Amino acid sequence: MQTTISKLAELVGQEVTLKGWAQNFRSSGKIAFLQLRDGSGFVQVVMSVSDIPAPEWEVLQKLTIESSVEVKGLVKAEPRAPSGFEISGTSFTALHIAPEDYPIGNKEHGPEFLFDNRDLALRTKTTWAVLRIRDRVFYSIEQFFHEEGFIRFDTPILQPTSCEDTTQLFSVDYYDTQMFLSQSGQLYSEAGIMGFGKVYAFGPVFRAEKSKTRHHLSELWMMDAEMAFYDQAMNMDVQEKMVKRIVKDVLDNCKAELAILERDTTILQNLVDNPFVRLTHAQAKAELAADGITVDPLDDMGTEEEIYLGNKYKLPIFIEDYPAAVKAFYMKRYVDKDGVLRARNADLIAPEEGREIIGGSQREESYDALKKEIVDRNYPLEEYEWYLNTRKYGTVPHSGFGIGLERTVRWITGVHHIRETIPFPRMLNRFRP
């Protein structure tokens, strides 16, 4: 029976055929140990000279790392094995014997070397675990929104203007007209809710920010959701429910991957079981100041401030109602009791140095107020006329948010650098392979 390593739990005591690659191999001459990888998992195949036909055994002795193979054998439960199973081999076929100079061996390599050889590093256990968790997060988000009554609403990657910041755009020559790679599909999704009520867009976005920190990519995947007739409090409730769902799905379905990464799941389980923290921007700044941290009460939250609060609470934290001056033009505004103009928004800060993983707000529904803000910022009004139509014809209170896939995966997996969370990272200083 041909099967995959992921299904061995159902096949104990049966003979199976597996196809995959030699992750590692050693032989004493009479007994051989093959660490087999097939994409779904890892398992050890133990083969004895007395059980394998002589011609096959002769080929087996020439096996090299990353050769592709087919093995047959009996599935045995083995509690000492990481997979919980072992194969007692009865037949071996080499599909391709790889050269002996495979550059990524069973030793420590520097991160730059691994990313220079990313096409091969994708085969390592750590990368396998991270990217399978990425896949689960993607799948969980899609499931969540469909269960909540959203439809997928694909927005254009090529856009004529900026969503938030004109200094972070990549320009493209589009039939002799200048266009830009999308920063976000949000503005288009806001048009979508007027026809569909609740929509989400999920795709690649591009940021030309010239940053080399471990939190930044130039090409990333963003999920933007928009909801008609939702205020900011309702918006945060949806976000909290979604993040709990994502984390629970990973804890339930990615146990092997989390074990490979040696991920301490205590904080992840804690956030599934407990409500998120909610602080206003003013409260957060005051709390930081009381704890001895120098702050600017009217500035954005800094990296150190976000990390400090995450470490303090050990739960995701909604920081609400930032000063409007540091936030985007489309956010609804109000004046607080101290006379500060604030946005009705929130950033969700993840613990364990996860920093901001979600940004969201209630959108300004007033045509006149939104138009004035666009004009005051000297944005080209003609490029936003279509967007203003969402307020001109049947405007409603509405809210939305965006979650960065790679930032979320980096936090959940616990890896150090965001470039580890995407198959082929694009950064200021990296665009190959």
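**Entry: Glu353**

I began with Glu353, which counts as partly exposed at 32% relative accessibility. The model is a predicted one, and I read it as such. I then looked up the place of Glu353, and it is in the loop between β16 (345-350) and β17. Its backbone caught my eye: phi of Glu353 is near 65°, a positive value in a residue other than glycine. I noted the background: most residues other than glycine have a negative phi.

**Entry: Asp176**

I looked up another positive phi. Asp176 is not a glycine, yet its phi is about 70°. Where does Asp176 lie? I found Asp176 in the loop between β8 (171-174) and β9 (177-181). Is Asp176 buried or exposed? Its relative accessible area is 76%, so Asp176 is exposed, the cut-off being over 50%.

**Entry: surface patch**

I turned to the surface. Which residues form a nonpolar patch there? I listed Leu158, Tyr174 and Tyr175. Together they have about 340 Å² of accessible area. I placed Leu158 in strand β7, residues 158-159. I also checked how much of Leu158 is open. Its relative accessible area is 32%, so Leu158 falls between the buried limit of 20% and the exposed limit of 50% and is partly exposed.

**Entry: largest pocket**

Next I looked for empty space. How much space lies in the largest pocket? I noted about 1,000 Å³. The lining of this pocket has 39 residues. I wrote down those closest to the pocket centre: Glu164, Gln168, Arg207, Glu356 and Arg407.

I then sorted the lining by element. Those that give two or more residues to it are β11 (219-228), β17 (355-363), β18 (398-404) and α13 (405-413). Which element gives the largest share? I found that β17 does, with seven residues. I had already met β17 in the entry on Glu353, as one end of its loop.

I also sorted the lining by class. I recorded 15 charged, 14 nonpolar and 10 polar residues.

**Entry: cis peptide bond**

Last, I checked omega. The peptide bond from Arg432 to Pro433 is cis. Its omega is near -5°. I noted that most peptide bonds are trans. Where is Pro433? I placed Pro433 in the segment after α13. I had listed α13 among the elements that give two or more residues to the pocket lining.

Terms used: Residues numbered from 1 in each chain as written. Predicted model: local features only at pLDDT ≥ 70, side-chain atom pairs only at ≥ 80, totals over all residues. Heavy atoms only, no water. Patch = residues over 30% accessible without salt bridge, like charges linked within 9 Å, V, L, I, M, F, W, Y side chains within 5 Å. Areas by Shrake-Rupley, 256 points an atom, 1.4 Å probe, with all protein chains shown as cover. Salt bridge = Lys/Arg side-chain N within 4 Å of Asp/Glu carboxyl O. Helix = DSSP H or I, 4+ residues; strand = E, 2+ residues; numbered from the N terminus. Buried < 20%, exposed > 50% of the residue type's maximum accessible area, 1.4 Å probe, protein only. 1 Å grid on protein atoms, 1.4 Å probe; cavity = no way out; pocket = protein on both sides within 12 Å on 5 of 7 lines; lining within 4 Å. Points joined across faces, edges and corners; volume = space filled by probe spheres on them. Nonpolar A, V, L, I, M, F, W, Y, C, P; charged D, E, K, R; others polar.
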